[in-house]
Amino acid sequence: MLQALVFDLDDTLYIEKDYVKSGYRAVARHLESMGCCEFEAAFATMARTLEMSGRQMVFPVLLERLTAVSLSITELVEIYRKHTPSIELLPGYLQLLERLHRSHKLGIITDGLPEVQRRKVLALGLRDVCDHIIYTWEYGSEKQKPHPISFSMMLENLNVSPDTAIFVGDNPEKDCRGAHGIGMRAVQIRSRSWSEDQIRVTNQEAPEFVIDTLHELPQILQQIN
């Protein structure tokens with residue numbers, strides 16, 4: 001009988017690109033407040049660069065094209081990381097999690113800078129529907145998923161055994177491999193950020209179930225139980 005459901009955060013419970021664009025809006029507002037440029041010009045430059053060249057080029061291109069911006073890349077990154085995100089769970093997910101929480105213990109394991117991830121969790125309203133949240137980088141970035149420490153700690157905190165818990169995430173290499181490493185089953189939720197040719201799934205990473213939306217999870221729980 002399943003007792004616990006553990007989730008990844010980014011691109012599993014919400015769209016990570018929404019957070020990225022929220023950060024760019026914060027940067028654009030800050031630059032406008034300094035009189036460096038107009039909000040729309042800064043945000044449009046960042047959003048366009050993201051789509052065409054990827055995240056790493058966003059701030060270098062911004063500084064190259066908007067020469068009135070006097071901040072360094074490091075300062076822009078700090079504004080981005082420290083902003084209060086404007087993000088939402090995918091439609092219906094909060095109500096689903098609340099319903100699942102009535103019969104299961106819920107947890108989240110997430111990689112990334114803990115202070116950044118905490119702001120996301122707070123903005124998404126997840127603290128009240130989760131029994132435990134682990135920020136893997138608190139134990140060192142080398143301990144991020146699929147390292148077994150966070151998965152083992154989660155089971156210990158929830159007081160459940162591996163065979164009574166499943167992990168739901170979008171990245172087979174990190175999420176499924178990590179769950180399988182301690183004996184948990186895994187559900188992969190297809191992410192818009194992953195194309196089929198980007199995913200090289202080995203036997204250890206192959207999920208027991210694949211879904212397109214979290215709303216399919218209750219059907220899987222019925223099959224397991």
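This passage looks at the sheet, its first strand, and a pair of helices in a predicted model.

The sheet comes first. Six strands make up an open sheet, and they run in the order β3-β2-β1-β4-β5-β6 with parallel pairing. The edges belong to β3 (132–135) and β6 (209–211); each has a single partner strand, so one side of each is left without a neighbour in the sheet. Ignoring direction, neighbouring strands of this sheet are turned by 20 degrees against each other on average. There is also a helix sitting against it: α5 (residues 93–101) packs on the sheet and touches β1, β2 and β5 (185–189). The direction of α5 makes about 130 degrees with that of β2.

Strand β1 (residues 4–7) is worth a closer look. In the strand order, β1 falls between β2 and β4, and it pairs with both. With β2 (residues 105–110), the pairing is parallel and runs over four bridges; here A4 of β1 stands opposite K105 of β2. With β4 (residues 165–169), the pairing is again parallel, over four bridges. On that side, V6 stands opposite F167 in β4, while F7 has V168 of β4 as its bridge partner.

What about the two faces of β1? In a regular strand, side chains alternate between the two faces of the sheet. In β1, A4 and V6 lie on one side and L5 and F7 on the other. All four of these residues are buried, so to speak of either face of β1 is to speak of a covered one.

Turning to the helices, α3 (residues 58–65) and α4 (residues 73–82) have axes that come within 10 Å and cross at roughly 120 degrees. That angle is over the 65 to 115 range for roughly perpendicular and not over the 145 needed for roughly antiparallel, which makes α3 oblique to α4. The crossing of the two helices is right-handed. On the α3 side, the contact is made by F59, P60, L62 and L63; α4 brings I73, L76, V77 and Y80. Sorted by character, the residues in this contact between α3 and α4 come out as eight nonpolar, no polar and no charged.

How values were computed:
Residues numbered from 1 in each chain as written. Predicted model: local features only at pLDDT ≥ 70, side-chain atom pairs only at ≥ 80, totals over all residues. Heavy atoms only, no water. Buried < 20%, exposed > 50% of the residue type's maximum accessible area, 1.4 Å probe, protein only. Pairing = 2+ DSSP bridges. Axes fitted to C-alpha atoms, helices over the stretch in contact; angles between N-to-C directions. Parallel < 35°, antiparallel > 145°, perpendicular 65-115°, else oblique. Left-handed = near helix turned anticlockwise from the far one by under 90°. Contact = heavy atoms within 4.5 Å. Nonpolar A, V, L, I, M, F, W, Y, C, P; charged D, E, K, R; others polar.
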